[in-house]
Amino acid sequence: MLYTAEGIILGAKNWGEADKVMTVFTRERGMLRAAAFGCRRPRSALAGAMQMFVHADFQLAEGPRLETVKTAVVRAHHAKLSADLTALAYATFVAEVVREFLPEGVPDEQFFDRLAQILTAFETRNPRITALAAVLQILSAAGLGQTYERCLHCGTEITGNAFFHAREGGALCAGCRTADAEDFPAELRELLTGLGAFDWAHPAPLSVRGGALMAAESIVLAHVRELTGHPLRSLDFLTQLI
């Protein structure tokens, strides 16, 4: 059966002599995998559309294991992600986190719109900060976010400096502090909560101190590693840039 879907390409793997297997996050059907036959041939009508981060309208045919891409009409092609190695590295990390934590076949229109805005943000905003905000929101959408605003043990709202327990997954107030908890400065907590709630449609100016950004990245990347239980290919390259 043929059907149409609006989608964003988040993965592409060469297959055979001229084909690709695409991972596409669609508005209507969530994450899916689809074969794009012949798309690596220069004269293929699919060649231009079967690239990472392309946002397109697809016509797809259902299959027992893979869908098949029949046509694709490009809505957006993010040029900076092809020309800027740093932006590409951070966007690739974001795409891998989406593939890792969002299930196949589960539509989420609100997150689809947010993902489109995130990729657009890479065109103009700091890619490092963009990626960190994106990963925080992806983890939250998947129900895997850490707790920064309330104490994990007693539920008290955190104000000022507090403590952080990575293994338990969040903040602790002074009264619930454990011996192995680390300092959690207010600046760091406010940065993490602010990025987690960042409004891509109406972005506010951001002023981020380098030390706080590094500390926030350390917390989030350690959490991603703990959740996956295996290395992410994009993260190995990304850590060389940080």
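## Strands S4 and S5

His 55 stands opposite Ala 76 in S5. The model is predicted. Strand S4 spans residues 55–61, and strand S5 covers residues 67–76. S4 and S5 pair antiparallel, with seven bridges between them. A hairpin of five residues leads from S4 to S5.

## Strands S3 and S5

S5 also pairs with S3. Here the two strands run parallel, joined by two bridges. Strand S3 takes in residues 30–36. Across this pairing, Ala 35 faces Thr 68 of S5.

## Strands S1 and S2

Strand S1 runs from residue 2 to 15, and strand S2 from 19 to 26. Their pairing is antiparallel and counts eight bridges. Within it, Gly 11 has Thr 23 in S2 as its bridge partner.

## The closed barrel

How do the five strands fit together, and in what order? They close into a barrel, ordered S1-S2-S3-S5-S4. The pairing is mixed. On average, neighbouring strands of this sheet are turned by 50° against each other, direction ignored.

Strands of a sheet pair through backbone hydrogen bonds, in either a parallel or an antiparallel sense. Both senses occur here: S3 with S5 is parallel, while S4 with S5 is antiparallel.

## Helices on the sheet

Helix H2, residues 85–101, packs on the sheet. H2 touches S1, S2 and S3. The direction of H2 makes about 115° with that of S1.

Helix H3 is formed by residues 109–121. H3 lies across S1, S2 and S4. Relative to S1, H3 runs at about 50°.

Notes:
Residues are numbered from 1 along each chain as its sequence is written. This is a predicted model: local features need pLDDT of at least 70, side-chain atom pairs count only at pLDDT 80 or more; totals for chains, interfaces and linings use all residues. Side-chain values use heavy atoms; hydrogens and water are left out. Two strands pair if DSSP finds at least two bridges between them. Helices (H or I, at least four residues) and strands (E, at least two) are DSSP runs, numbered from the N terminus. Axes are lines fitted to C-alpha atoms, for helices over the stretch in contact, and angles run from 0 to 180 degrees between N-to-C directions. Contact means heavy atoms within 4.5 Å.
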